[in-house]
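Here is a set of short exercises to work through with the model open beside you. Try each task first, then follow the solution step by step.

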Amino acid sequence: MQPPEVSAAPGFRRTAHGLRSLKDAGLRLPSSAASMKSGETASSELLHAQLGTTAFVPRIDFFWSVLLIWLIGDCTISDPNAPSQKSGARRAKKPMSELKLPARSEDFSEWYNQIVLRAELADYAPVRGCMIVRPYGWALWENITQALDRRFKATGHVNAAFPLLIPRSFIEKEKSHVAGFSPELAVVTHGGGEELEEPLVIRPTSETIIGHAYAKWIQSYRDLPLLINQWNSVVRWELRTKLFLRTLEFFWQEGHTAHATLAEAEAETRQMLDIYTDFAVRDAAIPVIPGRKSAAERFAGADETYSIEAMMGDGKALQAGTSHNLGQNFAKAFEIRYLDQTGALQYCWTTSWGLSTRFIGAVIMVHGDDQGLVLPPRLAPFQVVVVPIFKNDEEKAVVLPLAQKLSGTLADSGIRLKMDSREGISPGFKFNDWEMRGVPLRLELGPRDAAKGSVVLARRDRPGREGKSIAPQQGLETAVRNALEEIQKSLLDRALDFRNKNTVTTSDYEEFKKAVQTGFALSWWCGSAPCEEKIKEETKATMRCIPLEQQRRSGKCVYCGQPAIEQGIFARAY
RNA sequence: CGGGGCGUGGCGCAGUCUGGUAGCGCGCUUGCCUUGGGCGCAAGAGGUCCCCGGUUCAAAUCCGGGCGCCCCGACCA
């Protein structure tokens, strides 16, 4: 069934709370039409009966609609050109637009909000700007944390936990750090009913408190490198928030390392950037551009900041992970020193790196489509959903045990699987439901399959008939694994293709301005802050990063025309 | 922090202008019926109308104050 065209759409904007609605996305009935619903139920049956048997459909149709209007009073039902009252009545009764997401191409922002809520990834919390991560969203986050944690451990890092509360004086010890963070600090002034002597801040990041600890723990070059990571949440008092992308509190990991030399610290910084890149590409199927940040975009307190930048489905950029070389800034502020082999006292070189729940936003915005979420198999909480189909006890007795058996086999082989045995819900509903929630592969198993020894596989990355195929129950595990691999690959290919199509390499400022409206511009930049600033003012695009991979040529700055030796990615950003 | 919108069963809204019985849809519960792309029928449960104060015989509605949320513009993962 096609979603109905409800004629009153223009000008009928959702109200604020409508944005939260799970159920009425896109429903734009005028109140008069809505009120028709109550009166129309009985009549609609009548209409069906009449329409089914008469040759004078158009006349009868008109007659009945007039009667209906008359009965109901002030009712602006309908478009007289509607195909028939039959469908008209059904529409009013059960508008499918109610169940449908806003189209991604029409309202990207609203589409995003709806997906987060309807796929049950997260919900709004009672405090402005905070989010509740729901089990399904948290399961996704857990898979992200595991994929990263594995990589951290493999490169010699260990996990620990540092406190939530930090003495305010700590934040003030590193001057650019204070400048960067003080506007967004949450400060605790009272405890135990008394005003505190020294206010505490809720960590916006943990460089300072970890610096304090490292100063105690590090004495000798033998204590280095120190490689610690922590999984936690931090608070930054943001003014404009959006679930996952920007919330007051967010979850992340922050790695903090100390090294004997600048070279080592730089190598660590770059290694972690590589790890983020590898994770994004291989596990999340998100192509990213690893690069160096300009001075203006650098972390408060870092000598050098690197990031991976990804293109979202609307052409905007999202910083998906960052890695900082902190030089000796924090080492000096917190006296993190060691005795080297010659017995000389040296300041350490430190790094920090983080990836947050914002990454979930990237997954949504890179892969999602009009049907909802699309999750890459390697991160999906459920890689496969099994929908059994039957219409009576007899069929149920055949189908259900078979579905359970096949599910059991697949689950035992390590495939993350959900068997949807909810009763009283039609298979069609389940199809749509799990598509909205992004499950990569659906297995449909009905009486016909049971008889033929087959299963229907439906790929989420190709909605509808196109993505369906029939596989034998024998050797299903292999077929499923192959399908998941293919989906993983096709998601990456598609995202990469999209990014390439929407990235323009240009030295012409007019062309540049056009490019950053819809995607990325790769352009020569002279490296001066004023040019960067002007570009931002004039186009709203910022310097996302200077890609690590550079051509060896040189060129002219896209803004000022002065000689430039590096090309940067410019884009509007989240 | 500036501009706009909103606050009424779980969710979305009507009712507020013009004061007098709190209503609709969805969802939920129970039963029947259905189930290969968002089923249907019937019967139920569920509300301090954001808070405080005022006016009035009477306030969801009028007046004053407060709180909260969402959306659009300057900083950040």
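**Exercise 1. Sort the residues that line the largest cavity by class.**

Step 1. By class, the lining holds five nonpolar, five polar and one charged residues. Here Ala, Val, Leu, Ile, Met, Phe, Trp, Tyr, Cys and Pro count as nonpolar, Asp, Glu, Lys and Arg as charged, and the others, Gly among them, as polar.

Step 2. Now put names to the classes: the lining consists of Glu207, Ile210, Gly211, Tyr214, His256, Thr257, Leu326, Phe330, Ile336, Thr350 and Thr351. A cavity is a set of points on a 1 Å grid over the protein atoms alone where a 1.4 Å probe fits but cannot get out, and lining residues have an atom within 4 Å of a point.

Step 3. Two or more of these residues come from each of α8 (207-217), β8 (249-259) and β14 (349-356). The largest share, four residues, belongs to α8. Helices (H or I, at least four residues) and strands (E, at least two) are DSSP runs, numbered from the N terminus.

Step 4. The volume of the largest cavity is about 70 Å³, and the count of cavities of 30 Å³ or more comes to one. For such a volume, grid points are joined across faces, edges and corners, and the space filled by probe spheres set on the points is taken.

A note on the ground rules: this is a predicted model, in which local features need pLDDT of at least 70 and side-chain atom pairs count only at pLDDT 80 or more, while totals for chains, interfaces and linings use all residues. Residues are numbered from 1 along each chain as its sequence is written, chains are lettered from A and ligands numbered from 1 in the order in which they are written, and side-chain values use heavy atoms, with hydrogens and water left out.

**Exercise 2. Describe chain A as a whole.**

Step 1. Start with the elements: chain A has 17 helices and 25 strands.

Step 2. Turn to burial: 51% of its 574 residues count as buried, that is, under 20% relative accessible area, with exposed meaning over 50% and partly exposed in between (1.4 Å probe, protein chains only).

Step 3. Next, the surface: chain A exposes about 27200 Å², of which carbon and sulfur atoms supply 53%. Accessible areas come from the Shrake-Rupley method with a 1.4 Å probe, and for residues only the protein chains shown count as cover.

Step 4. Finish with contacts (heavy atoms within 4.5 Å). Among those with a separation of 6 or more, 69% link residues 24 or more positions apart.

**Exercise 3. Trace the open sheet and find its edges.**

Step 1. Follow the eleven strands in the order β3-β7-β8-β14-β11-β10-β9-β22-β25-β21-β20, with mixed pairing. Two strands pair if DSSP finds at least two bridges between them.

Step 2. The edges are β3 (158-159) and β20 (503-505); each has a single partner strand, so one side of each lacks a neighbour in the sheet.

Step 3. Check an antiparallel pair: β9 (residues 289-292) and β22 (residues 542-547) are joined by two bridges, and Gly291 has Pro547 as its bridge partner in β22.

Step 4. Then a parallel one: β20 and β21 pair over three bridges, with Val504 opposite Ala521 in β21.

Step 5. Strand β21 (residues 520-525) is largely enclosed by the rest of the structure, because six of its six residues are buried. One side carries Phe520, Leu522 and Trp524, the other Ala521, Ser523 and Trp525. In a regular strand the side chains alternate between the two faces of the sheet.

**Exercise 4. Why is strand β18 (residues 454-459) largely enclosed, and what pairs with it?**

Step 1. Six of the six residues of β18 are buried, so the rest of the structure largely encloses this strand. Ser454, Val456 and Ala458 point one way and Val455, Leu457 and Arg459 the other.

Step 2. Strand β17 (residues 441-445) runs antiparallel to β18, joined by four bridges; Glu444 stands opposite Val456.

Step 3. Strand β19 (residues 468-472) is also antiparallel to β18, with five bridges. Ile470 in β19 is the bridge partner of Val456.

**Exercise 5. Is Leu373 buried or exposed, and what does Leu373 contact?**

Step 1. Locate Leu373 in the loop between α11 (358-367) and β15 (384-388).

Step 2. Leu373 counts as buried because its relative accessibility is 0%.

Step 3. Leaving aside neighbours within four places in sequence, its contacts include Ile115, Tyr136, Ile364 and Arg437. Leu373 and Arg437 lie 64 residues apart in sequence, yet their C-alpha atoms are 5.3 Å apart.

Technical notes
On a 1 Å grid over the protein atoms alone, a cavity is a set of points where a 1.4 Å probe fits but cannot get out, and a pocket is an open set with protein on both sides within 12 Å along at least five of seven lines; lining residues have an atom within 4 Å of a point.
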